[in-house]
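Biologist: I'd like to practise reading a few local features with you. Could you walk me through them one at a time?

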Amino acid sequence: MQLKKSLWHAISRPVSVAPLATFRFIFGVAMFISTLRFLWMGWVYDHYIAPKLHFHYFGFEWIEPAPAWALYAIHGLMLLAALGMALGYRYRLSAVLFFLCFTYTELIDITYYLNHYYFVSLVSFVMIFLPAHYNYSLDARLGKVQAVRYVERWQVGIVRFLLAMVYFYAGVAKINDEWLLHALPLRIWLPAHNDMPLLGPAFNYPLTAYVFSWAGMLYDTLIPFFLLNRRTRPFAYIVVLFFHGVTGYLFQIGMFPLIMSASVLVFFSSEWHERLWQRYLPGWQVATQAFRPASFPRLQYAFWALFVCFQVLFPWRYLLYPGNLFWNEDGFRFSWRVMLIEKAGTATFFVRDRQSGHEWVIDNREFLNTHQEKQMAMQPDLILQFAHYLHDYYEKQGVADPIVRAEVYVTLNGRPSSLYFSPDLDLSRLEDSWAPRRWLYPAPPLQEPPFQGILNIF
Amino acid sequence: MKKFPQQISLAIIVLAYLLGLTACNSKKENSPQNFDRRGLLENVANNLISPAFDSLHSEAKALQAATQNFVNAPSLGTLEALQTQWIQTYTTWQSANMYNFEFLIEPNTLDKSLFEEIGAFPVDSALIEQYISQGDYSFANFNRDTRGFLAMDYLLFRTDGNQQAIVDAFTNDNKRGLYLKAVADHLLAKIEQSRNRWLEAKASFIANDGTDAGSSLTLLFNQFNLGYERIKNFKLGIPLGKRAPLTSPAPMYVEAYYSGISLDMIRANMKAIENIWRGVGADGQDGLGFQDYLLAVPGGKELSDNTEAQLSIIYQKLDALDKQTRLSTLINTQYQAVEALHNEMLKHTRYFKSDMSSLLGLYITYDSGDGD
């Protein structure tokens, strides 16, 4: 009884809404800038309008890109919604719109999948239900919502949970022999950036890749705990800035380092956030001491408990599959495996008329853009999707129930490339599912001793 | 306050590490993996691309002059001179036709890459004849298969080798000569344009020596690969009937069908690709190329060896084809031998394409990364 009570208290006791409001502001501004950048780079056209075909998410095969004008309108709406979130203006509506628009555009083509896009979808979904506009917002100032100072603790905590989860799982994913004992793929990636000022020359040495691999793993797994602890927090934040600064410089990961660096501020204390608002936007605080408990508490607690359980368990699903995770990619996505492997493939497709036996070689570029081709050529589910597309396309052209086969060579973490599966398989007869991909050849072993080249200093 | 000294000592360790490695770096020439990317770009720019555009340009001028001579006075003599010059110019083209960088395209025009502007094949002979009969030499249309090198191949050669018939065609219809002249002028103009833009861009091409998407190395890598695939897909795949909707071999779709020099051109083109791989300049000097870069990274030796082994198989298959016979004939008579060359080129793709970019850590496209 006592335990239940203290648990209840830990979850629902009143805490300041300020950290949540700051996060709302940061997230809204970041999404506004990201969307603007996306439009500016011409990616709406390149990603959604120009391609002949799109690769679908499992279960979302019905999602097709809207016409060009509508896609631009959706991005315009996304800009407004992000701004609405930042300012806390018609917040719930803004959050719902942002979540729907963003998630829809992400679902159009899986080859553009990034863990951080998935993260944005998750966060914006959760934000719909959070009282992030209860203070320090236009809604509160204009009286559209009754301002309060305190909300339930889990309503701030769940945002911290999501951020901590990303770091922690990204770190756990790095606990594998290739990352730690072989410093792969950093041993490949770092020398390619030896022109970086200051750090660059050190990248030529394998030892640096080992140091970075271990540091990266420790950073990702441990940083959430150092951020949660009040005493280590300021130092941890400096490390966060350094880490995202370096990775942002080294790798083409766009807005992500900036978004994370700013979002992590949500770990700071209520007082810190209240002072922040007081100092920079003093007029935005509506003075009140009120506390508003969550509505429909039983329903919400149950739902969010399930949500958290799902998030905690889903990344582990790979344990249910046999074989090399990086090779087979059974359960690879939606699990915070970020910048984890260097993988590439070359896929040559052959389409054969089942009756006449005449066989053509496919020039992938006729159907796919460079990015789609690159992603498809190393991911088994996308290879199948493309094969099925080719089957249907050529069947429509009058080829009798085409046999689609492919010669795919994949290289993983610097291994010499090897055949991904039998070139004689009729891919048009294979379906992707939750079942293990037994049609793939097993991953070739890494042909080098651990700690290769680590002493290569002098 | 107690933490402070610890932080300082950590900072000192990190600094010492960096300084230590940097110091080693400057002392030793052959430190692990310090490949001179700028050196590669300099070599390719100065010793491969520039000479390629230079000789293409002077050969195109000579071609224009020979065309003028022939059109002024069509005869067996002037025709032969022009044919010889055309073969010479077109051979030079094989060392330049892979450099289709986007920055070489005249901005704010509807122009396409130099290859698409002057290298398109097969040509549409019926449309060429139609333009000639209409006296339309404006090229104010998007039918790029009615001009360029291969339009001259069609106008200047006959598969039956009847030279007199070619001369007669020009003597009997001066519009034919005007069209031919327009093609040669257009060819030179386009080449001049690309060459000028290259000379302007060269310095920044060399300076852009990173490995990110948009860096010169990735741009070169892409053109190198596209050049290779063009041989495989267009010069061999299509005439072999490997591309839908062809249901049988299409020998008339070979490159340079009328002059019949297809095989020589494949060889020259392949050699040029190989020179980028090895970094061999126009003067035969072996400088830095992709192969040298590979040899400087772990695992690169094995890939380099595999690449070399497959390259020699490709040359074996190429050598196995009878040099005295036209490729279009070989496709009819020795289909399997030609197909074998195509197959070996297919097998080779992965070495140049995904294996190399992966091992070198080149970002081939924008927005392909994902990070924490």
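Biologist: Is B:Phe205 buried or exposed?

Modeller: Happy to start there, keeping in mind that this is a predicted model. The general idea is that a residue counts as buried under 20% relative accessible area. B:Phe205 has a relative accessible area of 2%, so this residue is buried. You will find B:Phe205 in helix α8 of chain B, which covers residues 174–207.

Biologist: Which residues is B:Phe205 in contact with, leaving aside its neighbours within four places in sequence?

Modeller: Among them are B:Phe101, B:Phe103 and B:Trp198, along with B:Leu41, B:Ala45 and B:Ile49. B:Ser216 and B:Leu220 are also in contact with B:Phe205.

Biologist: Now a charged side chain. Is B:Lys235 buried or exposed?

Modeller: The 20% cut-off serves again. At a relative accessible area of 2%, B:Lys235 is buried. B:Lys235 lies in helix α9 of chain B, residues 216–237.

Biologist: Which side chain does a polar contact join to that of B:Lys235?

Modeller: That of B:Asn269, at 2.7 Å. Beyond the neighbours within four places in sequence, B:Lys235 also has contacts with residues including B:Glu255, B:Gln94 and B:Phe121.

Biologist: And on the surface, which residues make the nonpolar patch of about 460 Å²?

Modeller: A:Leu218, A:Leu222, A:Phe225, A:Phe226 and A:Leu228 make this patch. For a patch, each residue needs over 30% relative accessible area. A:Leu218, in helix α11 of chain A (residues 206–228), is partly exposed at 41%.

Conventions
Residues numbered from 1 in each chain as written. Chains lettered and ligands numbered in written order. Predicted model: local features only at pLDDT ≥ 70, side-chain atom pairs only at ≥ 80, totals over all residues. Heavy atoms only, no water. Patch = residues over 30% accessible without salt bridge, like charges linked within 9 Å, V, L, I, M, F, W, Y side chains within 5 Å. Areas by Shrake-Rupley, 256 points an atom, 1.4 Å probe, with all protein chains shown as cover. Salt bridge = Lys/Arg side-chain N within 4 Å of Asp/Glu carboxyl O. Helix = DSSP H or I, 4+ residues; strand = E, 2+ residues; numbered from the N terminus. Buried < 20%, exposed > 50% of the residue type's maximum accessible area, 1.4 Å probe, protein only. Polar contact = N/O pair within 3.5 Å; in protein donor to acceptor, adjacent residues only side chain to side chain. Contact = heavy atoms within 4.5 Å.
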